Amino acid sequence: MTKNRSIFKVIMENFLQKNFKNKRVIVRVDFNVPLDDNYKVTDTTRIEFSKNTIQEIVKRGGICILLSHMGRPISKESKYSLSHIIYCVEQILKIPVKFCEDCIGDMAIESVNSLKEGEVILMENVRFYPEETKGDINFARELSKLGDYFVNDAFGSIHRAHSSTTIIANFFKGKKFSGLLLEKEIKSINRVLKNGEKPITAIIGGAKVSSKITVIENLLDKIDFLIIGGGMVYTFIKALGGEIGESICEDDFCEYSKKIIKLANDKGVRLLLPEDVVIGNEFSDNAKINISSVYTIPKGWQGLDAGPESIKIFSQIIQKSKTILWNGPIGVFELEPFSNGTKALGQEIVKRTKEGAFSLVGGGDSISAVKKFGMSEGISYISTGGGAMLEYLEGKNLPGIDALS
Ligand code: AMP
């Protein structure tokens, strides 16, 4: 991984110095955006985040050929056609964007070859071909015929060895670069993992311990405080002998939770679990609520948010942190009665960021929470790639980055 990170710098310097005049530049973007029933884009973040890369290439005289996937189509299902999002890409880029109904073959090549300097074309969903997710080299070769250069800006897919994210790079020796978003994402995570100013606090929440195991283990070598929140709390509490009522729990991971507590202790990391929690008699907006010690949740009740005392303690930790990583909500923020913990913690992070700390938020649900509570502007960096960010935090190599080297 160290190798990836140093190579990364070289790749970026090359891209910004490049003159793409009249060259066809394939840009792998992540336009996997959500659509409503009328095929309108409901969250434009991913498109907005790739804007700089596309505009820089256009500024350098390039012909921009955008490749992306959307959804998980089984065949050429029209609901997953990227044609639905052209209006939105045009609005964000503020230039006309052409569309090609295929991403390989004669039609695709003719469309691309008819373009002039500075024009942009969006190709149809690469996942309309099952070869894409298999990382098929022949499919990658066909895609590569569309361009003279390859730029990867799809951080959200960088952990996948798919044809258009990774394998395609084999056909662009000396002509492949990372995009500006990709650079920003990796630099931001490195600002926590590699050069984070201490004290460093990680807040790991969400429903399950099982999905965050390797992240937690890898982080323990780098951080000073670990705040555990959300549903995963109750696996830890049960492991410690507490009564958790009907709270969500992964019994198979109780032993593992004890191991994490010991590891944190051995490594001098202060691990914090909530002391009190907001409990509900059902998982709903209409639930009866109460406050309970996290260790004595009555039968028929479940822990669904951090309680006031816990929020106070967590806030004190955030107030002394210089680097903050937040992945996963600390309560069921989607339900009003259990949203306070996530909101309060978010507000503390924003406050601390204003005072000069670096804050990084990543993972689908924490981003939704930050947006829901209108805090996006107050966070230093919001990562666009949930799975990719997690794998990077786990210390894994990312195939898309390897392929650029
Ligand atoms: P994850 O995808 O693992 O990050 O989990 C995010 C989900 O965890 C969110 O939808 C939250 O509503 C949910 N969550 C947070 N706290 C709890 C809890 N105490 N019990 C059940 N689910 C929770």
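Reader: Where does the ligand sit?

Author: The model is a predicted one. In this model, the largest pocket is where the ligand sits.

Reader: Which residues of the protein are closest to the ligand?

Author: One begins with the residues that surround the ligand, which number 16. The closest are Ala 207, Gly 231, Gly 303, Glu 334 and Asp 365.

Reader: How many residues of this shell are nonpolar, polar and charged?

Author: The shell around the ligand holds 7 nonpolar, 5 polar and 4 charged residues.

Reader: Which polar side-chain atoms lie by an oxygen atom of the ligand, and at what distance?

Author: A polar contact is read here as a pair of N or O atoms within 3.5 Å. Glu 334 has a polar side-chain atom 2.5 Å from a ligand oxygen. For Lys 212, a polar side-chain atom lies 3.3 Å from an oxygen atom of the ligand. In the side chain of Asp 365, an N or O atom is 3.3 Å from a ligand oxygen.

Reader: What share of the ligand's accessible area does the protein cover?

Author: The size of an interface is often expressed as the accessible area lost when the parts come together. On its own, the ligand has 510 Å² of accessible area, and the protein covers 80% of this.

Reader: How many cavities are counted, and which residues line the largest cavity?

Author: Empty space is revealed by rolling a probe the size of a water molecule over the atoms. The count comes to 1 cavity of 30 Å³ or more. The largest cavity has a volume of about 40 Å³. Its lining includes Asp 30, Arg 46, Phe 49 and Thr 384.

Reader: Which domains does the assignment give, and how far apart do their C-alpha centres lie?

Author: The domain assignment gives domain 1 as 2-183 + 398-404 and domain 2 as 196-374. The C-alpha centres of domain 1 and domain 2 are 36 Å apart.

Key: Residues numbered from 1 in each chain as written. Predicted model: local features only at pLDDT ≥ 70, side-chain atom pairs only at ≥ 80, totals over all residues. Heavy atoms only, no water. Near = heavy atom within 4 Å. Polar contact = N/O pair within 3.5 Å; in protein donor to acceptor, adjacent residues only side chain to side chain. Areas by Shrake-Rupley, 256 points an atom, 1.4 Å probe, with all protein chains shown as cover. 1 Å grid on protein atoms, 1.4 Å probe; cavity = no way out; pocket = protein on both sides within 12 Å on 5 of 7 lines; lining within 4 Å. Sits in = over half its atoms within 2 Å of the grid points. Nonpolar A, V, L, I, M, F, W, Y, C, P; charged D, E, K, R; others polar. Domains from an automatic or database assignment. Points joined across faces, edges and corners; volume = space filled by probe spheres on them.
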